[in-house]
Number of protein chains: 2
Amino acid sequence: VTAREEEIGIKVGTEVIAGRLITPHPKTPGVLLVHGWGGNQDHYLSHAREIAALGCVCLVFDLRGHAATEPQRLTVRPKDNFDDLVAAYDRLCNNPLVDREAICVVGSSYGGFLASLLTAVRPVRWLALRVPALYKDEHWTEAKAEIDRQELEEFRSEIIPAYRNRALGAASFFAGDVLIVESEHDDFVPHTVITSYRNAFQEASSLTYRIIKGADHSLSSSEPRRAYSAILISWASEMILGAREAGGTNVAVADVQGVPGTLDSSEA
Amino acid sequence: VTAREEEIGIKVGTEVIAGRLITPHPKTPGVLLVHGWGGNQDHYLSHAREIAALGCVCLVFDLRGHAATEPQRLTVRPKDNFDDLVAAYDRLCNNPLVDREAICVVGSSYGGFLASLLTAVRPVRWLALRVPALYKDEHWTEAKAEIDRQELEEFRSEIIPAYRNRALGAASFFAGDVLIVESEHDDFVPHTVITSYRNAFQEASSLTYRIIKGADHSLSSSEPRRAYSAILISWASEMILGAREAGGTNVAVADVQGVPGTLDSSEA
């Protein structure tokens, strides 16, 4: 995401004045947004549009068992949906505009669980997890719809060390920037699960952790939804614009000779 | 600055899942930054880099009579520097990346005066003027350095109606978005000049007017400089990202069929 700076001459009649043209990197960050179980690609569509406005290529998609493939709902396994995510990632990266070293993955709930695992097999620079769910490794090849709710609740009620779970293990190796957003009143992803993820991200370049007060798991009321949007867009702006700027500055340090920045003189 | 949205199929093994790819407009806004009398292109370089990080092509340049053409300081006329600005504008617009319908011009003091006039002869969508100076129409072909300071002070001490001055006249026809930034303690551009400009911008789509407390004309101390940076970057972000988003949404309304945005189900 490095900008390019070039010194140019601008003709004015028979004379030439000096200028500097700053051009953004021709490739843009790519952002992949993963809905939760029971959602679909529309869940993240408005966020995708807002993030695209930062100058990114964004991809939303339907996990199998949802929308057009709803008939697979009872049989689809976490492993299958993980394959969906990898396929969507690869499709995004194959877009010629996308800078493969600047990929952001955003996921909610089950989508956050899959997103964490994705970092073990594909390069991810920025990872945003809203109420990331957690499943046992043994659930990987079980039908998602068949996973025992009671067993899951017990599993999620304890803080799990990263070495005991593949999703947390992937998190523990992740070296990029992380956003974790919790819902204060979450009946599915309790505070212990969020703590397990937070503990796991020991190698992260940065961690931004927010709790949305009064929110339930699915952000069913509008105020928490707005709060999440604000948190996500602000974080994405900081990360993506920050990376572009850092890039620009680096180039400038290497390329530019001349006087340091001066101000207007006081005369007008 | 309109984004493009396309519905795509993503292959996963022998199956296909549905997705939507949102790609920013291949052209980017162009931003031209004009220093004041006695400044040079470095004045706006750090701002140009920050704005480029929003995904814009930026151009800074030296007005004649400054930097390499310093020997012309005593003879260069406002008309000459206006020609410089037009030449720089045209050079920016000739960049194949630049969207000619999304040009922003940023100017300080004398550069703000020239920028206001530019809008009469070239398409400008966004105009940011910091302490824009004002000169009499008769000064146009006088050497800038020879303009009588006393006469200028008297001229600037009164509120001037737009029809009596070309720079204000250009402002009165400008239909884009405007930022005006005043310095609280300005010995060169008094509040009356700022008021003349504010009064002139009757047709503007939006007007953002800020006074930097404790600032002098040249922002010689660091706190006002930081305040100006924050004001300019925040305004540029709102304008440029807002335009991209509006573009994206318009396309979506036209192109997209399907269910309205839904949330995650409550199951995780």
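## A first look at the structure

Let us start in chain B, where Thr28(B) has its place in strand β3, residues 28-34. The model you are looking at is predicted. Is Thr28(B) buried or exposed? Its relative accessibility is 13%, so it counts as buried, the cut-off for buried being under 20%. Leaving aside residues up to four places away in sequence, Thr28(B) touches Gly55(B), Cys56(B) and Val57(B), and also Leu97(B), Val98(B) and Asp99(B).

**Chain A as a whole**

Turning to chain A, you will find 7 helices and 8 strands in its secondary structure. Its C-alpha trace spans about 80 × 35 × 35 Å along the principal axes. Chain A has 268 residues, and 59% of them are buried. Of the contacts in chain A between residues at least 6 apart in sequence, 70% join residues at least 24 apart. The accessible surface of this chain is about 10,700 Å², with 50% of that belonging to carbon and sulfur atoms.

**Charges and salt bridges**

Chain A carries 26 positive and 36 negative charges, and the mean positions of the two sets are 4 Å apart. Over all chains, the structure holds 22 salt bridges. Here are some of them:

| Salt bridge | Closest N to O |
|---|---|
| Arg64(A) and Asp84(A) | 2.7 Å |
| Glu15(B) and Arg64(A) | 2.7 Å |
| Asp90(A) and Arg122(A) | 2.8 Å |

What does the salt bridge between Arg64(A) and Asp84(A) tie together? Arg64(A) lies in the loop between β4 (57-61) and α2 (78-93) of chain A and Asp84(A) in helix α2, so the pair ties together parts that are 20 residues apart in sequence. Both Arg64(A) and Asp84(A) are buried, with Arg64(A) at a relative accessible area of 6%.

Arg64(A) also meets Glu15(B) in a salt bridge. Because Glu15(B) belongs to strand β2 (residues 15-23) of chain B and Arg64(A) to a loop of chain A, this pair joins two chains. Glu15(B) is partly exposed, at 28% relative accessible area.

In the third pair, Asp90(A) sits in helix α2 and Arg122(A) in the loop between α3 (110-118) and β6 of chain A, 32 residues apart. Asp90(A) is partly exposed at 28%, and Arg122(A) is partly exposed at 26%. Elsewhere, Glu15(A), Arg64(B) and Asp84(B) are joined into one network by salt bridges that share partners.

**A negative patch**

Finally, look at the surface of chain A, where Asp148(A), Glu153(A), Glu154(A), Glu158(A) and Asp187(A) gather in a patch of negative charge. One of them, Asp148(A), is in the loop between β6 (126-130) and α4 (149-156). Asp148(A) is partly exposed, with a relative accessible area of 39%.

Methods. Residues numbered from 1 in each chain as written. Chains lettered and ligands numbered in written order. Predicted model: local features only at pLDDT ≥ 70, side-chain atom pairs only at ≥ 80, totals over all residues. Heavy atoms only, no water. Patch = residues over 30% accessible without salt bridge, like charges linked within 9 Å, V, L, I, M, F, W, Y side chains within 5 Å. Areas by Shrake-Rupley, 256 points an atom, 1.4 Å probe, with all protein chains shown as cover. Salt bridge = Lys/Arg side-chain N within 4 Å of Asp/Glu carboxyl O. Lys, Arg positive; Asp, Glu negative; His and termini not counted. Charge placed at Lys NZ, Arg CZ, Asp CG, Glu CD. Helix = DSSP H or I, 4+ residues; strand = E, 2+ residues; numbered from the N terminus. Buried < 20%, exposed > 50% of the residue type's maximum accessible area, 1.4 Å probe, protein only. Contact = heavy atoms within 4.5 Å.
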